[in-house]
Amino acid sequence: DCGSRTASSAVSSLEASVVGEVKSVALFPRKKCAKKGSGGAEAIVLDKDVLGALYHLPLKEASSQLGICPTAIKTACRKLGLPKWPFRRIRKEHRQSMLASYGRRRQVS
């Protein structure tokens, strides 16, 4: 029974609009989890701009904001040319820049 799961939490297929470089990915929830008589669930379209706004969040939080499972985001990222979810890299770069600016302030004082 799919009543306890959200329809978009499980993805049955991914379709990418392919024209040279992939620009967007459409995610379709599993058909068996769609409400009866609704004709299927709506597609969730992801592109680099939509995902880019969520890079500052861990994958799990980003997936809950979008209403899809983390695995679907990982697959969409790969189709869009991102090998990994960039949260850790961005967090590391931010931390390093903060430490560098702190070091510069200590040297000036």
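# A buried serine and its surroundings

Ser-63 is buried, with a relative accessible area of 4%. That value belongs to a predicted model. The place of this serine is in helix α2. Which residues does Ser-63 contact, once neighbours within four places in sequence are left aside? They are Ile-68, Cys-69, Pro-70 and Ile-73.

## The chain as a whole

Start with the overall layout. The chain has 4 helices and 3 strands. Read from the N terminus, the order of elements is β-β-β-α-α-α-α. The chain holds 109 residues, and 28% of them are buried. Now take the contacts with a separation of 6 or more. Of these, 42% join residues 24 or more positions apart.

## Helix α2

Ser-63 is not alone in being buried here. The buried residues of α2 are Leu-59, Ala-62 and Ser-63. Seen down the helix axis, they fall within an arc of 100 degrees, so they line one face of α2. A general rule helps here. An α-helix has 3.6 residues a turn, so residues three or four places apart point the same way.

What does the face turned away from the buried side of α2 carry? It carries the exposed residues Lys-60, Ser-64 and Gln-65. The buried residues of α2 pack against α3. Just after α2 comes Gly-67, with a positive phi of about 80 degrees.

## Helix α3

Now look at the partner helix. In α3, the buried residues are Ala-72, Ile-73, Ala-76 and Cys-77. They sit on the same side of α3, because they cover an arc of only 135 degrees around the axis. Ile-73 is also one of the residues in contact with Ser-63. Just after α3, Gly-81 takes a positive phi of about 95 degrees.

## The nonpolar core

The largest nonpolar core has 21 residues. Which of them touch the most other members? They are Leu-27, Leu-46, Leu-51, Ile-68, Ile-73 and Trp-85. Four elements give two or more residues to this core: β2 (21–29), β3 (44–47), α2 (59–66) and α3 (70–79). The largest share, 4 residues, comes from α3.

## Strand β2

Two residues of this strand are worth a look. Val-22 is found in β2, and Ser-24 lies in β2 too. Are they buried or exposed? Val-22 counts as buried, because its relative accessibility is 16% and the cut-off for buried is under 20%. Ser-24 has a relative accessible area of 21%, so it is partly exposed.

Each of the two also has a partner farther along the chain. The table gives the separations.

| Pair | Apart in sequence | C-alpha to C-alpha |
|---|---|---|
| Ser-24 and Lys-79 | 55 residues | 8.6 Å |
| Val-22 and Asp-47 | 25 residues | 8.8 Å |

These pairs can be placed among the elements. Lys-79 falls in α3, which spans 70–79. Asp-47 falls in β3, which spans 44–47.

## The largest pocket

One more feature to find. The largest pocket has a volume of about 220 Å³. Which residues line it? The lining consists of Tyr-55, Leu-82, Pro-83, Lys-84, Trp-85, Pro-86, Phe-87, Arg-88 and Arg-89. By class, 6 of the lining residues are nonpolar, 3 are charged and none is polar. Trp-85 lines this pocket, and Trp-85 is also among the core residues that touch the most other members.

## Back to Ser-63

Return to the starting point. Ser-63 is buried, and it belongs to the buried set of α2. That set packs against α3. Two of the contacts of Ser-63, Ile-68 and Ile-73, are among the core residues that touch the most other members.

Key:
Residues are numbered from 1 along each chain as its sequence is written. This is a predicted model: local features need pLDDT of at least 70, side-chain atom pairs count only at pLDDT 80 or more; totals for chains, interfaces and linings use all residues. Side-chain values use heavy atoms; hydrogens and water are left out. A nonpolar core is a set of buried Ala, Val, Leu, Ile, Met, Phe, Trp, Tyr and Cys residues joined through side-chain atoms within 4.5 Å. Buried means under 20% relative accessible area, exposed over 50%, partly exposed in between (1.4 Å probe, protein chains only). On a 1 Å grid over the protein atoms alone, a cavity is a set of points where a 1.4 Å probe fits but cannot get out, and a pocket is an open set with protein on both sides within 12 Å along at least five of seven lines; lining residues have an atom within 4 Å of a point. Grid points are joined across faces, edges and corners, and a volume is the space filled by probe spheres set on the points. Ala, Val, Leu, Ile, Met, Phe, Trp, Tyr, Cys and Pro count as nonpolar, Asp, Glu, Lys and Arg as charged, and the others, Gly among them, as polar. The arc is that of the directions from the helix axis to the C-beta atoms. Contact means heavy atoms within 4.5 Å.
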